[in-house]
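Here is a short report on the fold and on some local backbone features. Please keep the model in view while reading.

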Amino acid sequence: MAARILDGKKLAETVRAEVREGVAAFKAKYGRAPGLEVVLVGDDPASQVYTRNKEKASNEVGMQGRLHVLPASTPEDEVLALVERLNADDNVDGILVQLPLPKSINEQRVLDAVDPAKDVDGFHPVNAGLLAAGRPRLVPCTPLGCMRLLALAEVPLKGARAVVVGRSNIVGKPVAQLLLAEHATVTIAHSRTKDLAAVCREADVLVAAVGKAELVRGDFVKPGAVVIDVGINRVDAGNGKTKLVGDVAYAEAAEIASAITPVPGGVGPMTIAYLLQNTLTAAHARAA
Ligand code: GUN
């Protein structure tokens, strides 16, 4: 039987509507809108699209969203000075520095400079540490989106076997922590895992976040498993054009899984929705 398609676009609309209501309540209580500042350094075309979408989405839910675009030649000290200025601004609740940064800039140094209370990406080591310690504060957006999609799938996580393919700080590690917090038995697999297919076939919940187009094939999927595909890979479509595919061979996996996220329209839209939610969360924590 074909899998149920977990519609991230539609679910993201629901989350945005929740945030919109929350923003209205925040404004009524504190007399100001939550503020999100997005910083883009350089002219990477994909990053330009992502950051414009983030600014637009924040304004659509009633936040004070602003995009700062700096040239690729900007010295690291100037980027750090902007982050410091935003840290010190009381009307700013969330700061997001779009990655990747130009090679001349030390990414870790810039991310570490963001006030952890305004770190709506959840990338600061303080927030990563709190999540690992089971005391989550600001949690990375994509993993939060994955968990909400699993809630939509109504898959019982307690005692379930979860396999996360990918060990990045942005997705793999934090999503594994969130699954663990829900009492799943979690394995983190990656590109060096021996017999990856056999490991994946153990999974009731399979999260693919490895950044390799269609690495996870149909025969990696246990019948009835729920598959969350975090990958966004641009590949040759064979007709002189390109197309987006996930880390999962969708057509094959959809034959075997009970539920699966499409690419595009699965996890992607959820990331921005949870960026908005994180900004509201940060605003409340700062205003309290
Ligand atoms: N680049 C690609 N995804 C992300 C993200 O979630 N946050 C930031 N800051 N940069 C990214």
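## Backbone geometry and two sheets

Asp195 is exposed, because just 9 other C-beta atoms lie within 10 Å and a residue with 12 or fewer counts as exposed. The model is a predicted one. Asp195 has a positive phi of about 45°, although it is not a glycine. Its place is the loop between β6 and α8 (196–200).

Glu154 also has a positive phi, near 55°, and is a residue other than glycine. Glu154 lies in the loop between α6 and β5. It counts as exposed because it has 9 C-beta neighbours inside 10 Å.

Two peptide bonds before proline deserve a look. The bond joining Leu99 and Pro100 is cis. So too is the bond from Val263 to Pro264. The table lists their angles and loops.

| Cis peptide bond | Omega | Loop holding the proline |
|---|---|---|
| Leu99 to Pro100 | about 0° | between β4 (94–97) and α4 (107–113) |
| Val263 to Pro264 | near -5° | between β11 and α10 (267–287) |

### The sheet of six strands

In what order do the 6 strands of the open sheet run? The order is β1-β11-β8-β7-β5-β6, and the pairing is parallel. β1 (4–5) and β6 (185–189) stand at the edges. Each has a single partner strand, so one side of each is left without a neighbour in the sheet.

The pairing of β5 with β6 can be followed in detail. Strand β5 covers residues 161–165 and runs parallel to β6, with 5 bridges joining the two. Val164 has Ile188 in β6 as its bridge partner.

Two helices pack on this sheet. Helix α6 (residues 141–153) touches β7 (205–208), β8 (226–229) and β11 (259–260). The direction of α6 makes about 150° with that of β8. Helix α7 (residues 172–181) touches β5, β6 and β7. Its direction makes about 170° with that of β6.

The UniProt record, an unreviewed entry, places a feature at residues 140–285. It is given there as "domain: Tetrahydrofolate dehydrogenase/cyclohydrolase NAD(P)-binding". Over residues 140–285 the chain is 36% helix and 19% strand. The end C-alpha atoms of that stretch are 16 Å apart.

### Where α1 meets α6

Helix α6 also has a helix partner. Helix α1 (residues 8–30) packs with α6 at an angle of about 105°, and their axes are 11 Å apart. That angle makes α1 roughly perpendicular to α6. From α1, Gly8, Leu11 and Val15 take part in the contact; they meet Arg148, Leu149 and Leu152 of α6. Sorted by class, the contact has 4 nonpolar, 1 polar and 1 charged residues.

### The sheet of three strands

A further open sheet has 3 strands in the order β3-β2-β4, again with parallel pairing. Its edge strands are β3 (64–70) and β4, each of which pairs on one side only. From one strand to the next the twist averages 15°.

Strand β2 (residues 35–41) runs parallel to β3, and 7 bridges join them. Which residue of β3 stands opposite Glu37? It is Arg66. Helix α3 (residues 76–88) lies across β2, β3 and β4. Relative to β2, α3 runs at about 180°.

Note on methods
Residues are numbered from 1 along each chain as its sequence is written. This is a predicted model: local features need pLDDT of at least 70, side-chain atom pairs count only at pLDDT 80 or more; totals for chains, interfaces and linings use all residues. Two strands pair if DSSP finds at least two bridges between them. Helices (H or I, at least four residues) and strands (E, at least two) are DSSP runs, numbered from the N terminus. Two residues are in contact if their C-beta atoms, placed from the backbone, lie within 7 Å. Axes are lines fitted to C-alpha atoms, for helices over the stretch in contact, and angles run from 0 to 180 degrees between N-to-C directions. UniProt positions are given in the numbering used here, feature names are shortened, and annotations may be inferred rather than shown by experiment. A residue is buried if 20 or more other C-beta atoms lie within 10 Å of its own, exposed if 12 or fewer, and partly exposed in between; C-beta atoms are placed from the backbone. Angles under 35 degrees count as roughly parallel, over 145 as roughly antiparallel, 65 to 115 as roughly perpendicular and the rest as oblique. Ala, Val, Leu, Ile, Met, Phe, Trp, Tyr, Cys and Pro count as nonpolar, Asp, Glu, Lys and Arg as charged, and the others, Gly among them, as polar.
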